[in-house]
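Here's a quick look at where the nonpolar residues of this predicted model sit, inside and out. Have the structure open as you read.

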Amino acid sequence: MERRLDAEYPEAAQEVSIVVEVVDQEIATAAAAQQSKSDPSGAPGAIADAEAPSVDDADGPILVSEQFAPELYKAVWASAAVTFSWSAGIFIYGVNIAFALNAVVNGDPEFVSPRSTMLLNVSIVVILVATVCLQEFWGQAVLWWGRRSCLLAMTLAHLLGALLALLGCIMEAVPLLIASGLFIGLGGGAHPQLVAYAVDLSTQQTSARNVGLVQGRFFMGSVLGMVITATSMELTQIFAVTFLMYLTALLIIFFVLPDWSPLAEKRAPCTQAKLLRALIPCSLVGTLNRQTLFTKFLLLALFFASAGFGCIRVWLFSFGIVHFGLTSQLCGLFVLVVGAVNGIAAGVATRFFDAKRGSDYLFWAQPLFAIYAFLAPGTRLAAFLGVALVAFPAVGDTTMSAYYFGQAGTERRGELAALSSVSNNLGKLLGTLATGPLAYAWVEASEETGSSHGLPPPPSLQALFEFLAVLAYFGARKFLSQQDAYGRHALKLSSSNIGTNTGTGSKKDNDDQASNGSTEEVEGGNEVCST
């Protein structure tokens, strides 16, 4: 009969064949979905009993039943807890690796020699190169294996780096200290991935708040790292604490953080060709080219903002000591206060803005503190009064990060995280290299003659970079706003029953319910956005 149909009605036979193929594909898809629903590993750890949310409408906004809102907020809190421990660990390591090299090479952590300085520069280069080279891989890997698995691997690399640093101090072995930097670099870029995790589980209204939660814990983790570094502990004890910080982050990821970013329905299989391509560092250029011009300008703004941060890390301990009369202890106290103010501001103020409005209102404040630094009187009181100005750019940076990550859907936020990590590291490097010679020349001229001889104060360079960041952001908002994709890919919580991993609700029923769902907003992470 099939041969007769093919012979007499070839067009009808072709249509029947197409229909059969479509039905077969639907059956296979439904079977795979049912298999994934029966897999209990979708929500690991402390909330393993909670069902992972499933998406509806793969080509549009992700619709999730509002019953998952509390679990989503718990997951964001878990990512913030990971950020806190991870930030403390990386700060302690970054400060004390220099002292460790001094101790091993010169016998005294405080004594700096040309050889220890050279080895420190080698360690910094190793960390930077390893971080940049693997960012394309991590950016793609989150789409293959999920962000939780990648964060586990990245944190494990940091854990091994801290262990090697500890062993290097105990055995007085420089190669172990340098190798520790390699592992720290291989696991670099975890912070942007944690921010992307928070955005993946956020609605348009809560993305700034959730990113603020993560950023706030990042700053507070740095404060904890400063406090631990300021203690009189031995280097071996300090690196043991660093190891414990990373171990804590690893345990939180493994036992508490759910594997919901990206959601299972948004992931793609890993092929050998994709894997090999992702391991080529220059592939990141192709990732950059795939972004819209608007996204590239937001990335450029973040780059110049990071360059400004690289500047202050240099001039605070040179220009700040000479101009404001700060001692090294007061510089440390200043950094501690700034970190605490940034953490509180990022965690609290972002509750009152969505990402776009917060960026529009506060990103212009980037150069405020730098301008104040070279115009303010040269007193210690003036330096600490300027701390009030750092809160505004801290909130602007946080909302800007949420705005930037909102430019792509959950399946491409790994790319944005990779680009953000590279941009952040290169921006800090630019600020450090540009400010170092100017700060040295300014301090030398001031100490020898009491005058700067017309040299611009180092904070002016920071103000220039941050002004360029503001210009890039508002230039994009003014001339490229038609490419702004913010809000198009945000998570949407519907009062309708979208369907869960228990298999309730068919695809058709979910579509009908999503199209007719009534919506409202409520506080505390339980809002339901209009669909």
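## One side of α16

Let's start with helix α16, which spans residues 368-375: F369, A370 and A373 are buried there. Those residues take up an arc of only 100 degrees around the axis, so they lie on the same side of α16. That fits the usual helix geometry: with 3.6 residues a turn, residues three or four places apart point the same way.

What do the buried residues of α16 pack against? Their partners are α12 (293-315), α13 (319-324), α14 (328-348) and α20 (458-479).

## W315 and the main core

Two of those α16 residues, F369 and A373, turn up again in the surroundings of W315. Setting aside neighbours within four places in sequence, W315 also touches G320, T435, P458, P459 and Q462.

W315 belongs to the largest nonpolar core, a set of 113 residues. Along with L177, F239, Y404 and F405, W315 is among those with the most contacts inside that core. Helix α3 (residues 69-106) supplies the largest share of this core, at 13 residues. There's also a second, separate core of six residues, including I92, I228, I238 and M245.

## Out on the surface

Not everything nonpolar is tucked away. L156, L160, L163, L167, I170 and M171 make a nonpolar surface patch of about 510 Å².

Is M171 buried or exposed? M171, part of helix α5 (residues 147-171), counts as exposed because its relative accessibility is 56%, and the cut-off for that label is over 50%.

Note on methods: Residues are numbered from 1 along each chain as its sequence is written. This is a predicted model: local features need pLDDT of at least 70, side-chain atom pairs count only at pLDDT 80 or more; totals for chains, interfaces and linings use all residues. Side-chain values use heavy atoms; hydrogens and water are left out. A nonpolar core is a set of buried Ala, Val, Leu, Ile, Met, Phe, Trp, Tyr and Cys residues joined through side-chain atoms within 4.5 Å. Buried means under 20% relative accessible area, exposed over 50%, partly exposed in between (1.4 Å probe, protein chains only). Helices (H or I, at least four residues) and strands (E, at least two) are DSSP runs, numbered from the N terminus. Contact means heavy atoms within 4.5 Å. The arc is that of the directions from the helix axis to the C-beta atoms. Patches are made of residues with over 30% relative accessible area and no salt bridge: like charges are joined within 9 Å, nonpolar side chains (Val, Leu, Ile, Met, Phe, Trp, Tyr) within 5 Å. Accessible areas come from the Shrake-Rupley method with a 1.4 Å probe; for residues, only the protein chains shown count as cover. A salt bridge is a side-chain nitrogen of Lys or Arg within 4 Å of a carboxyl oxygen of Asp or Glu.
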